[in-house]
Structures are given as C-alpha cells and as structure tokens.
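Reader: Could you walk me through this one before I set anything up? I would like to start with a single residue and then move outward.

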Amino acid sequence: MNFIVRYAASFVIMSLVFITLAAQPASAKSATEINHEVDQALNNLYATSPAARDLSKIAKAILVFPGIIKGGFIVGGQYGEGALVKDGKKAAYYNTVAASYGLQAGLQKFGYALFFTDEASLKYLESSDGWELGVGPTIVIVDEGLARNLSTSTAKEGIYAFFFNQKGLMAGLGIQGTKVTRINP
C-alpha cells in the first residue's frame with residue numbers, strides 16, 4: 001500500500017513539472033511566425049469547411065490558435081499561441097493555456113478558431129484580463145453535423161468554435177477551463 005501512495009505522489013509531482021514546462025514554451029514565437037501560421041490555418045480551414053468560410057464573412061473578428069499542444073497522463077496541460085484577425089489584419093496576439101486532471105492519457109496537436117459574430121462577445125474578449133473559455137459569452141462548438149446546417153442566417157450565437165488539424169491520441173477534446181490571455185510577441 002505504501003508503494004502505491006509513493007508511486008502516486010511521485011507521478012503527480014512529475015506531471016505537475018511536465019505541465020509547468022509545457023505551459024512555458026522554451027522560445028515564444030515571433031509575431032511574424034504567428035501571422036504565417038494563422039494565415040495558413042485559416043486558408044486550410046476555409047478549404048475544408050464551407051461553414052467556416054461563410055461565417056468569416058459576418059464575423060466581427062476571428063481568434064485563431066493554429067498549433068496547440070496538449071498532453072498528459074492523469075494530469076495534463078495544453079499551450080498554444082495565436083492571433084485575433086479583424087478586417088483581415090492581425091489586431092492582437094493571445095496564448096491559450098489549460099490544465100486538467102482526470103482519466104486521461106496521450107499527446108495531441110490541434111488548432112481552433114473562434115468566430116466572434118457580435119460586438120458584445122468581442123468586447124468581452126478585448127476587455128478581459130485573461131478570459132476563461134466557458135465563462136462569459138456562449139460558445140457553440142461546430143461539429144460536422146452542425147456545420148452542414150450552419151449559415152450566415154442561422155448563426156445566432158456570439159461565438160462559434162471550429163477545431164482543425166487534429167493529430168495524435170488524446171481522450172476528449174474541449175475548451176472548457178481554457179484560459180486565453182493577450183500577449184506581446
């Protein structure tokens with residue numbers, strides 16, 4: 001029994017060290033690197049999702065995180081950097097960080113884009129000193145089924161989230177508990 005307790009405590013400590021290191025990248029990306037990755041991610045998303053392309057026409061802004069790394073074993077974490085695109089230009093830069101605990105294992109890379117379709121939701125992001133997704137404006141996760149029926153006339157919520165470029169194995173994918181904070185690359 002003592003062995004199990006010591007093993008569990010050692011594992012939790014190792015996992016916390018992993019999360020701390022994963023959440024603080026060795027070298028932050030430059031604005032130029034982020035811009036290039038955001039442009040490439042949006043072009044790929046529009047090529048594979050007509051709903052995202054159509055929604056971009058009415059969106060007040062789009063917050064794009066092209067390459068988020070998520071990993072963990074019981075204790076997990078994720079980190080990524082992206083940009084807010086307004087009127088076709090990069091208006092601000094953000095990072096996304098999350099930590100989690102539970103029955104999970106794996107390593108995954110993915111991206112997501114948040115389409116802000118109303119001014120109130122966009123102002124909430126811009127005035128927040130770190131925004132925890134899932135708290136504040138309503139976010140609708142666009143899956144394959146919803147994307148087939150989503151159009152500029154049916155888009156009534158403030159924010160729509162599209163996930164893309166998922167690679168690797170990790171149980172579940174969500175944005176609840178994810179914190180988005182403005183950065184200066």
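**Backbone, pocket and confidence**

Author: Gladly, and bear in mind that this is a predicted model. Asn165 has a relative accessibility of 38%, so it counts as partly exposed, since that class lies between 20% and 50%.

Reader: Where does Asn165 sit, and what is its phi?

Author: Asn165 is placed in strand β5, and its phi is near 50°, which is a positive value in a residue that is not glycine.

Reader: What about Asp87, where is that one, and is it buried or exposed?

Author: Asp87 is found in the loop between β1 and β2, and it counts as exposed because its relative accessibility is 76%, where the cut-off is over 50%. Asp87 also has a positive phi, of about 55°, although it is not a glycine.

Reader: Switching to pockets: how much space is in the second largest pocket, and which residues line it?

Author: The second largest pocket holds about 210 Å³ of space. Its lining includes Asn165, which we have just discussed, together with Lys167, Lys109, Phe110, Pro66 and Gly67, and also Lys29, Glu37, Gln40, Ala41 and Asn44.

Reader: Which element gives the largest share of that lining, and how do the residues divide by character?

Author: Helix α2 gives the largest share, with 4 residues, while α2, β1 (61-86), β2 (89-116) and β5 (159-170) each supply at least two. By character, the lining divides into 4 charged, 4 polar and 3 nonpolar residues.

Reader: How is the confidence, and where is it lowest and highest?

Author: The chain has an average pLDDT of 78, with 71% of the residues scoring at least 70. Confidence is lowest in helix α1 (residues 2-23), where the mean is 47, and highest in helix α2 (residues 31-48), where it is 96. Within residues 5-10 the pLDDT is below 50, and this stretch has 0 contacts in the model beyond near neighbours in sequence. Residues 145-154 also stay under 50, but for them the model has 14 contacts beyond four places in sequence.

Reader: One last topic, helix α4: which of its residues are buried, and why are they on the same side?

Author: In helix α4 (residues 119-127), the buried residues are Ser121, Leu122 and Leu125. They lie on the same side of α4 because they cover an arc of only 100° around the axis. Ala120, Lys123 and Ser127 are exposed on the other side of α4.

Terms used:
Residues are numbered from 1 along each chain as its sequence is written. This is a predicted model: local features need pLDDT of at least 70, side-chain atom pairs count only at pLDDT 80 or more; totals for chains, interfaces and linings use all residues. Side-chain values use heavy atoms; hydrogens and water are left out. pLDDT is the predictor's confidence in each residue, from 0 to 100. Contact means heavy atoms within 4.5 Å. On a 1 Å grid over the protein atoms alone, a cavity is a set of points where a 1.4 Å probe fits but cannot get out, and a pocket is an open set with protein on both sides within 12 Å along at least five of seven lines; lining residues have an atom within 4 Å of a point. Grid points are joined across faces, edges and corners, and a volume is the space filled by probe spheres set on the points. Ala, Val, Leu, Ile, Met, Phe, Trp, Tyr, Cys and Pro count as nonpolar, Asp, Glu, Lys and Arg as charged, and the others, Gly among them, as polar. Buried means under 20% relative accessible area, exposed over 50%, partly exposed in between (1.4 Å probe, protein chains only). The arc is that of the directions from the helix axis to the C-beta atoms.
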